Each structure stands twice: as structure tokens, then as C-alpha cells.
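The following account moves from the overall fold to selected helices and ends with the surroundings of a single loop residue. The reader may wish to keep the model in view throughout.

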Amino acid sequence: MTVVLPDAYAANHGVAQVQIDVISRLHRFAAALEAHKFDYFYPVPDLCGLLEGILGTVVDPAVVAALADLADVEEVLVAQPQQLHLVTGDAVGSLLHPEGLAPVPEDSSGSHGGILIANPALDLRVESERREQVDNWMQQLGLDAGLIGMEALIDRIRATPSDSVPAR
């Protein structure tokens, strides 16, 4: 995590910028194994859970209070995340578990992430709205990766109680 604070002269007018980098090396680790090599795909429910967890952490009142204290501003001035920069080494389409997803007939699976903009009408402190934001990002990610079926897959995931998610 990186926090860039406004300089002292702009403390009342500047904005603290927070950047969180999440790096998973499991795919690279799996590819590097010699005799025990295996393919690993990120299950969509796991990726949804990761994104929800990150958003939930960033808007947690204790984290907001700490960021406001660092930036020397009132807590109400700490903005919610406005975008997610997602960058992958391999094409996104090759990283997501293919269950429920299908490639677009044209070869358009070369996306390595993107800048996913948050809907400013959603209050990410509210769990249902945070989930809606993640669902929208996942649908955009799927389309950018040249995959169809993400919307139906997300609907199926959300209809399944979290304690009874089927085994992968």
C-alpha cells in the first residue's frame, strides 16, 4: 500500500492518494514448477471476494480515520475509491476459471486488465452497494477480456449462499 499525502502548504486543499497493489504470484509459481506443473485459474467467486474485501477495507471507518489523520483532514473529506486499476501479466481471459464463461467468437482476449471506474452513485460503505460495484467491474472485466457469460455467472454466484458455494 502506498499513501501519497499532500504537501504541508496544501494540507487543507490537497487530497491524500491511496494506492493498493495486490499481487498474486500463484499463476507464475504454478507455471515455474518442473515435474509438478499445474494450471491454475482464478475462480470468479474468489476474485469477487478479493475485490469486495479490498473495497470493504478501504472504506472501513478505522481505515478512513487513519487516512484522515495522516492527511490531517476531517474524515468526511476522505473520498471513497474512484477507480480500480487492474493489471495482469497474462491475458485476463487465460487467468479466469472458464466455468460459465465462453470466448467471444472473434479473437479479443488480449486484455491485461484496465481502469475500472467506480459508480459515484454507490456508497461503498454499504455491503449491497459494494457488491453491486464489484459485479459491475467483473462484468466489464469479462467483456474486456473477450469473455461472455460473466453476467449470468455473477447472478448464479449471488443466488448461491456463500456457505454452500459448489466445489470447483
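Two residues are said here to be in contact when heavy atoms of theirs lie within 4.5 Å. The coordinates discussed below come from a predicted model.

With that criterion, one may begin with the chain as a whole. The protein comprises six helices and six strands, and from the N terminus on these elements follow the order β-β-α-α-α-β-α-β-β-α-β-α. Of its 168 residues, 29% count as buried. Among contacts between residues at least 6 apart in sequence, 63% join residues at least 24 apart.

Helix α5 offers a check on geometry. The helix covers residues 127–144, and its 18 residues should span 26 Å at 1.5 Å a residue; the end C-alpha atoms are 26 Å apart, which agrees with that expectation. The buried residues of α5 are Arg 130, Gln 133, Val 134, Asp 135, Trp 137, Met 138, Leu 141 and Gly 142. The elements that cover these buried residues include the helices α2, α4 (92–95) and α6, together with the strands β3, β5 (113–117) and β6 (147–148). After α5 comes Gly 146, whose phi is positive, near 80 degrees.

Two of the helices that cover α5, namely α2 and α6, also meet each other. The axes of α2 (residues 44–58) and α6 (residues 150–159) come within 10 Å and cross at roughly 75 degrees. Because angles from 65 to 115 degrees count as roughly perpendicular, α2 is roughly perpendicular to α6. On the α2 side the residues involved are Val 44, Pro 45, Cys 48 and Glu 52, which meet Met 150, Leu 153, Ile 154, Ile 157 and Arg 158 of α6. Sorted by class, this contact has seven nonpolar residues, two charged residues and no polar ones.

Attention may now turn to Gln 80, which lies in the loop between α3 (61–71) and β3 (83–87). Is this residue buried or exposed? Gln 80 is partly exposed, because its relative accessible area is 27%, and the range for that class runs from 20% to 50%. Apart from its neighbours within four places in sequence, Gln 80 is in contact with Val 59, Leu 122, Asp 123, Leu 124 and Arg 125. With Leu 124 there is a specific atomic approach: the side chain of Gln 80 reaches the backbone nitrogen of Leu 124 at 2.6 Å. The C-alpha atoms of Gln 80 and Pro 120 are separated by 8.8 Å, although the two residues are 40 residues apart along the chain.

How values were computed:
Residues are numbered from 1 along each chain as its sequence is written. This is a predicted model: local features need pLDDT of at least 70, side-chain atom pairs count only at pLDDT 80 or more; totals for chains, interfaces and linings use all residues. Side-chain values use heavy atoms; hydrogens and water are left out. Helices (H or I, at least four residues) and strands (E, at least two) are DSSP runs, numbered from the N terminus. Buried means under 20% relative accessible area, exposed over 50%, partly exposed in between (1.4 Å probe, protein chains only). A polar contact is a pair of N or O atoms within 3.5 Å; within protein, one must be able to donate a hydrogen and the other to accept it, and residues adjacent in sequence count only if both atoms are side-chain atoms. Axes are lines fitted to C-alpha atoms, for helices over the stretch in contact, and angles run from 0 to 180 degrees between N-to-C directions. Angles under 35 degrees count as roughly parallel, over 145 as roughly antiparallel, 65 to 115 as roughly perpendicular and the rest as oblique. Ala, Val, Leu, Ile, Met, Phe, Trp, Tyr, Cys and Pro count as nonpolar, Asp, Glu, Lys and Arg as charged, and the others, Gly among them, as polar. The expected span of a helix is 1.5 Å times one less than its number of residues.
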